[in-house]
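Work through these exercises with the structure open. Try each task before you read its solution.

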Amino acid sequence: MQFQGKIMQKQIKVFHVPFSRRGSTEELLKEAASRIKGSDYSKILCLSPTPWKIRESQKIFHKLTENTYIPPGMMTIKQLSKKLYSLHGNKTPISGSVIPIIISQLSGKGIGFSSVISSFIDEIKQYRPGKDIESIHKELKSVFEELNVPEEGSKRAMDATEIFRKYQEALAAQNLIDENDVMAECPAIIREHNYSPAILILDGFYEVTPSEERILKSMVEQTETTLISMPYDNNFTLITNSFDDFIKNNFNIETTTSGSETALPLPSSEKRLSYVSYPGIDEEVEGIARHIKNLFISGRCRSLGKIIVAFPKLHTYHDIVQRVFKRYGIPCTFSASKPLGKTEPYLALTALLESIADDYPRLPFSRFLTSPHFEKMPALFREWIPQISLYSGIIKGKNSWLGLSKTLSNVKSLALRDILPETEKEFKWIFKKLKPLESLKDRGTFKQISEALHKLLSDLDFSRPEDADAKEQVSGFLKELALIDNLLQIPPRPPLLKGGWGDLSYSLREFIDSLRYILNTSEKEAEGEGVQVSGFFELRCTEPEYLYLGGLKDGDLPSMPEIDLLLPDNVKTKLGLVNMKRYLHLQQFIFRRLTAALPSKNLHLSYAAMEADRLFLPSPFLPWKAEATEKTPGILCREEEMLRHPEIPLASHIKEIGIKSRLIKKQFGENSKIRVTDIDAYRTCHRKFFIEKILRLEPSETKEYEIEAMLLGTIIHEIMAELMAKSRSYRDFNEMKAAAEKLLGKLLDEKPLENYWKNFIRDSFLSILPEIYEIESELRDEGYSFIKAEAPVEGEVIKNIKLKGKIDRIDKKTDSEVELIDYKTGTAQLSRTEIVNKGASLQLFLYAALMKSLGFKVNRAGIYSVKDTKITWVPGKKDSNTMDDYIESCLKYLEKTVSDLRKGDFTAFPLNEQTCRNCHERAYCPYMQTTSNAIK
Ligand code: SF4
């Protein structure tokens with residue numbers, strides 16, 4: 001591309017760039033640079049339609065220059081107008097994302113409908129710049145009437161213009177200005193301040209609104225030399241005509257045609273496109289990743305920054321791309337498509353606000369406490385909150401967090417128990433910091449809440465050095481939210497204010513909703529290394545070198561515009577706004593331009609044919625029957641390598657536990673007293689016993705909102721022990737009930753439980769008290785009376801085997817004849833055959849053996865199920881075995897069990913296979929690895 005002659009007068013050159021022509025931006029920049037002496041290119045201003053295109057132009061320009069240089073100005077029209085207004089304007093600009101919140105507060109409508117009205121105002125301001133609301137109202141009314149739109153439809157639009165009026169008045173009264181009005185003021189600023197770059201480049205424009213046209217017009221008028229490039233294709237004149245006409249009608253231009261000396265090459269004959277169909281989204285992204293990796297490894301493209309991957313619906317693909325590309329070791333940067341509200345620092349920020357508004361629920365509060373984005377947050381929280389959150393069973397409540405040392409007093413982890421006092425101190429510190437914001441929870445103005453939050457964020461040092469932007473951004477958002485109060489002070493007062501005329505207060509919840517809206521509509525401009533991943537529309541007017549265009553399924557490309565609730569399509573057409581036909585056509589325009597400019601080897605088109613059980617067709621933009629097969633051979637990621645060359649299978653790491661007998665001598669040797677309960681636990685499964693009782697390992701599980709079984713057991717044992725200790729003195733049920741109520745009050749008061757659980761236990765126990773009374777009466781009738789609860793016993797029942805334990809309850813018939821009772825909160829499981837044949841549930845009979853060794857005759861032993869209010873006795877009434885028979889067979893089992901234990905036998909073998917069903921060791925257990933043993 002060559003320019004003829006020296007510039008002596010105003011020169012405006014327009015280049016119609018055919019779709020297949022690449023490198024027009026480079027040519028324009030080169031030409032403009034050649035006209036500048038020295039290396040100060042700041043006299044060049046390059047305007048482009050999108051931030052993406054600007055980044056592309058910056059890279060291109062950088063490649064053109066060799067030495068150090070002052071770069072040209074490169075920006076979008078909006079950025080230019082904002083810049084000029086910040087220098088010469090006198091009102092305070094507000095961002096687009098705060099507008100729906102202002103509208104919502106002014107109109108009393110929800111934020112959803114307010115954002116519809118905000119889009120309506122935006123469209124009107126872009127397409128009718130500088131027009132007063134009265135004439136817009138009239139124009140709309142006549143169009144609605146002309147098109148016979150039912151009143152219901154037109155009324156919505158008319159109401160919206162009324163809100164538009166209020167909105168403008170509110171802004172004017174507070175000397176505020178929105179982005180559209182900034183653009184409307186821009187032409188006057190350009191003229192007044194004689195803003196004139198030496199060379200103006202308008203690169204890649206084709207869809208320009210009247211508001212933008214006014215700015216471009218004044219810029220071109222002020223500038224000596226203007227170079228304009230616009231994409232062109234005979235099939236898409238519908239799209240390009242309006243910009244073309246604008247240039248032609250307003251300026252004296254030199255056009256370059258394909259026949260002239262400066263012409264760009266003609267488009268090559270239309271290429272035959274092909275595409276790959278994948279069975280699903282995962283496979284599609286995987287296919288793209290493999291293709292890119294192969295491209296890189298083969299050396300065909302060593303600069304990943306040149307590769308662009310785009311999808312019409314980026315949000316569907318975002319996380320999958322992130323995951324799969326990471327697996328293939330492909331660095332990638334996403335375009336500004338992720339709303340700020342979904343990024344880490346802001347998720348932590350909203351978690352903080354949600355926590356205060358909802359009384360510190362476990363998950364959001366834990367997220368806030370462990371977030372790395374609050375530098376001054378005690379490090380202890382980051383380390384311990386995950387465990388505390390798992391084990392505490394907290395649902396929500398400030399007091400629950402402050403009472404952790406009570407709630408977790410029984411937790412097994414000693415390290416966690418040790419840290420609790422310090423944790424409690426830090427909790428007091430953080431709650432003190434949160435107090436000012438908490439005091440505004442139910443009533444506070446946006447200004448008060450914004451200020452309190454701002455102070456809190458600076459106290460906690462929100463954000464990290466690598467996210468320095470977040471700190472600035474958030475104070476910008478808070479300043480804008482604080483403005484809302486001022487806007488609402490303008491009469492007439494909006495009707496939604498709760499407390500009448502003087503009341504401007506909101507709940508923290510409303511503040512969160514507003515802030516969240518702002519965060520979800522603001523995007524973070526991402527710049528980074530590697531493959532660039534973007535949405536489809538962001539690629540308009542760009543010139544990628546390698547393009548992977550995925551997700552090209554019918555319905556997604558072209559996609560339908562969102563239904564406009566205020567302006568029906570025929571009204572839009574009449575008003576010259578972007579209507580459905582134009583929207584669809586625009587997508588086709590972008591697609592054709594992108595695909596025509598790339599050689600087939602640099603273009604990869606694809607779609608996923610299925611999602612779950614739904615089948616899809618390829619986009620109608622793709623040619624019929626042009627499906628290509630694709631196979632990217634090779635081992636391209638670590639997982640594949642591991643699958644192809646398995647090293648050591650997991651099963652080979654799973655082994656039986658072997659422990660030297662001397663290591664367990666201290667705990668279970670001849671001189672130690674073994675707990676009776678350990679005998680049953682060891683017999684249940686040796687391996688499980690070793691893991692849970694010797695190593696004391698427990699799986700990390702989120703505690704349910706329930707009373708811990710151990711604690712419940714302790715409470716019931718204590719109640720029963722104390723209540724039954726006086727059972728002889730109760731003359732009737734009422735006396736027992738009165739004693740039980742008193743006792744429950746005293747015992748439960750001391751327990752670290754929420755009132756809900758205390759009441760639950762009290763009510764449940766009192767409801768079964770009549771049945772307990774029945775049982776006690778029966779025992780009395782049989783001649784038994786209570787003598788001791790929680791009775792410690794120990795002794796040497798077999799030579800060199802010393803046992804110890806605590807019997808829940810002993811009743812006597814005579815001074816030497818007793819019965820033993822074990823309380824259980826669950827159902828009683830005492831099977832006589834299991835005891836004799838398998839040695840299950842030895843506990844009670846070992847106690848009986850111990851009592852026997854102390855000179856007592858144990859008549860029977862029973863499990864007292866508090867749940868079923870029933871005692872199961874052994875021996876039973878018709879039992880052919882006596883207690884001595886049971887003791888004898890249990891002692892045989894005891895001897896063998898202790899001998900195995902002392903040998904260090906921890907073989908995985910369950911006494912009852914049901915145990916394996918709920919065993920945490922299941923996945924790593926050699927017993928389960930043997931398929932014949934595995935429980936199906
Ligand atoms: S899965 Fe069964 S055999 Fe294995 S450790 Fe657990 S209970 Fe024992």
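Both Phe365 and Phe368 are buried, where buried means under 20% relative accessible area (1.4 Å probe, protein chains only). This is a predicted model: local features need pLDDT of at least 70, side-chain atom pairs count only at pLDDT 80 or more, and totals for chains, interfaces and linings use all residues. Residues are numbered from 1 along each chain as its sequence is written, and side-chain values use heavy atoms, without hydrogens and water.

**Exercise 1.** Classify the ring pair Phe311 and Tyr317.

Step 1. Recall the rule: rings of Phe, Tyr and Trp (its six-membered ring) pair if their centres lie within 6.5 Å; planes under 30 degrees apart are stacked, over 60 edge-to-face, the rest tilted.
Step 2. Read the geometry: 4.1 Å centre to centre, with 10° between the planes of Phe311 and Tyr317.
Step 3. The pair is stacked. The structure holds 37 aromatic pairs.
Step 4. Check the cover. Phe311 is buried at a relative accessible area of 1%, and Tyr317 is buried at 5%.

**Exercise 2.** Classify the pair Phe365 and Phe368, then place both residues.

Step 1. The ring centres of Phe365 and Phe368 are 6.1 Å apart and the planes lie at 35°, so this pair is tilted.
Step 2. Both residues sit in helix α14 (residues 362–370), three residues apart, about one turn of the helix. Helices are DSSP runs (H or I, at least four residues), numbered from the N terminus.
Step 3. Widen the view. Phe365 and Phe368 belong to one aromatic cluster, whose members include Tyr346, Trp401 and Phe477.

How values were computed. Buried means under 20% relative accessible area, exposed over 50%, partly exposed in between (1.4 Å probe, protein chains only). Helices (H or I, at least four residues) and strands (E, at least two) are DSSP runs, numbered from the N terminus.
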